[in-house]
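Work through the exercises below with the sequence and the model in view. Try each task before you read its solution.

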Amino acid sequence: MKTANIRNFAIIAHIDHGKSTLADRIMEQTETVSERELSAQLLDSMEVEQAHGVTVKSRSVRNFYHGDDGQEYEYNLIDTPGHVDFSYEVSKSLAASDGAILLVDATQGVQAQTIANLRLAVKHQLTIIPVINKIDSLSADVASTEKQIRALRPEFADCDILKISAKTGKNVHDVLEAIYQKIPAPTGDPKAPLKALVFDSQYDPYQGIIAEVRMIDGQLTTQQKLKLMSQGETFNAQAVGIFTPNMKPVEKLETGEVGYLVTGLKDVAAVQVDETLTDAAIPTAQAFPNFKPAQSMVYAGLYPKGDTSYEALKQAISKLALNDSAFHYTPEQSEALDAGFRCGFLGIFHLQIIQERLRDEYHVEVLTTAPNATYHVYLKSPDPKQEYLTITNPAKFPDFSEIDYVTESYVKAVITTPESYLGAVMKLCDQHFGEMVDLDNQQDLVTLTYKLPVSEIAYNFFNSLKSITHGYATLDTEFLDYELVDVVKIQIQINYAAVDALDIIVPRQNADKIAHKLVEKLKYTVPRRLYPMPVQAMVENKSIARVDVPPLRKNAAVNGEKRSISKKQQLLRRQSLNKRQAVKSDIKLPQSVFDAVLNLNEDD
């Protein structure tokens, strides 16, 4: 295929605006898949995507389209997620594209991720085609939606906005025509040394790492000796191919095309997203600049559960991290839960998806601790070689007597909302210790810029924002810096034994309220025993909240008029301090206990 007839594009949209349905119609009308093979949301093939009805992973597919001008075009469509927690996947997809279709639901109008994804596309300097979807719906307001789109960018003021129904296929042909008419062909030199961008990867137990690549210069063939420029590793290409959407081997990939490369490498850390691929003998002169790495917003511990072994969890996590470059992990040890991993996520929904993928794809059951943010702890007697301690695990938080002061990670949150919701949004930000930086009017929309602590927005902030604005607000966050905070560690003791996996870090002024709510929840979630067990919340070595977990049955030693001396002595021996301290190795906590900690934030 001539480079001039190749088009690489992505579809960007807010969640549930019909992006995957439009991808289905494009594949159907270009006859990429037969009617027998076609199914709803064909590119959303993972179990978690089908269960939640959202796109989690970007996927590419090659389509061949016969234009009305008589020419044949190669359309490389890269599907993208719509949820805010997967904006990094969108960014990777846009880096491999030359244009984007901005899809907006006529029944809902411009919403949160519509603007956030548009900003990403503009940042990558892509040509954008605005399209209104679901025009045949009874609740569609096409005129209002069109007005909202035209207000987004100056170039949208006079451009043609296509109006389609992806469900029925109405006017999708107009979209196919607009792609080759408006999106530019890729630029590159077919005779130059090989230069390709690795924008995604996955692991196959038989073939090793399979890299998804966007060709910039030169060509890529089977058995060609290749070099990864940042890692310096060389290998021979085992196979090259394209997605149709299934993997289909081809003889070579040429300039401007999108496809895959079977590397044969089994080390999951060998190939990184944003890697530059070139010919080992005649390398390209300059590598691609590295992507800005994904900034983890929340951290949580993942530990093997049930019959799952530590090694099985380790292998599953390492392979999953290769497939999801926004997911980070490091090994850690817990006194209560033994060996596991401290993992970084982009948000709570991202954490949930990782849990489900480990279960569904790798058959690994995990126990997940309550998420937390990142803190820098400055000690009164610091190590000369280390200015501060970086704490992502509350169990590692030093004793209060050693701490000089603590700083917490903050983000710049840019919130765009209709003017009618301004008061509610400002109240929400104030409740989460936000500090207003800027306020700007854009016609009927207001853009608020706040400085917010990560610990306050990591849990349920985005869902609360969507709720109070009925989905019309956007949230775009960017890591800012670390700010001085007054926080304390709430340490949970069960039966007088400290359970480090339940430790949480909270603002000092909220510690008393949170501690009482937490022990009350634990009263009903901690597994009962034959005797009452105290659950205490300790702050700076003082108990500030306590409840007793009821026994499985009444205690004969302390109940009724007739007391059994032998049973009472037995109870006292069992409840002695030494016995209680030894019990901590015997404490087995279900996931519901850790969910109780997480739900504290959802109740507020």
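**Exercise 1.** Which residue's side chain meets that of Arg-153 in a salt bridge?

*Solution.* The partner is Glu-155, at 3.1 Å from N to O. A salt bridge here is a side-chain nitrogen of Lys or Arg within 4 Å of a carboxyl oxygen of Asp or Glu. Now check exposure. Buried means under 20% relative accessible area, exposed over 50%, and partly exposed in between (1.4 Å probe, protein chains only). Glu-155 has 44% and is partly exposed. Arg-153, at 26%, is partly exposed too.

Two notes on the source apply throughout. The model is predicted: local features need pLDDT of at least 70 and side-chain atom pairs count only at pLDDT 80 or more, while totals for chains, interfaces and linings use all residues. Residues are numbered from 1 along each chain as its sequence is written, and side-chain values use heavy atoms, with hydrogens and water left out.

**Exercise 2.** Find the salt-bridge partner of Asp-105, and place both residues in the chain.

*Solution.* Step one: the partner is Lys-134, with N and O 2.9 Å apart. Step two: Asp-105 sits in strand E4 (residues 99–105). Lys-134 sits in the loop between strand E5 (127–133) and helix H5 (142–150), so named because helices (H or I, at least four residues) and strands (E, at least two) are DSSP runs numbered from the N terminus. The two residues are 29 apart in the chain. Step three: Asp-105 is buried at 0% relative accessibility, whereas Lys-134 is partly exposed at 25%. In total, the structure holds 17 salt bridges.

**Exercise 3.** Describe the open sheet that contains E18, and what packs on it.

*Solution.* Start with the order: E18-E19-E17-E20, four strands with antiparallel pairing. Two strands pair if DSSP finds at least two bridges between them. Next, the edges. Strand E18 (328–334) and strand E20 (366–368) each have a single partner strand, so one side of each has no neighbour in the sheet. From one strand to the next, the twist averages 35 degrees. Inside the sheet, five bridges join E17 (residues 298–304) to E19 (residues 338–345). In one of these strands, E19, Phe-345 is the bridge partner of Val-298.

Then add the helices. Helix H7 (residues 310–323) touches E17, E18, E19 and E20 (contact: heavy atoms within 4.5 Å). The direction of H7 makes about 15 degrees with that of E19. Axes are lines fitted to C-alpha atoms, for helices over the stretch in contact, and angles run from 0 to 180 degrees between N-to-C directions. Helix H8 (residues 348–362) lies across E17, E19 and E20, at about 165 degrees to E20.

**Exercise 4.** How many aromatic pairs does a search of the whole structure find? Examine one of them, Tyr-65 with Tyr-180.

*Solution.* The search finds 11. Rings of Phe, Tyr and Trp (its six-membered ring) pair if their centres lie within 6.5 Å; planes under 30 degrees apart count as stacked, over 60 as edge-to-face and the rest as tilted. Tyr-65 and Tyr-180 are 6.4 Å apart, centre to centre, with 35 degrees between the planes, a tilted pair. Tyr-65 lies in strand E2 (residues 59–66) and Tyr-180 in helix H6 (residues 172–182), so the pair ties together parts 115 residues apart in sequence. Tyr-65 is buried at 5%, and Tyr-180 is buried at 9%.
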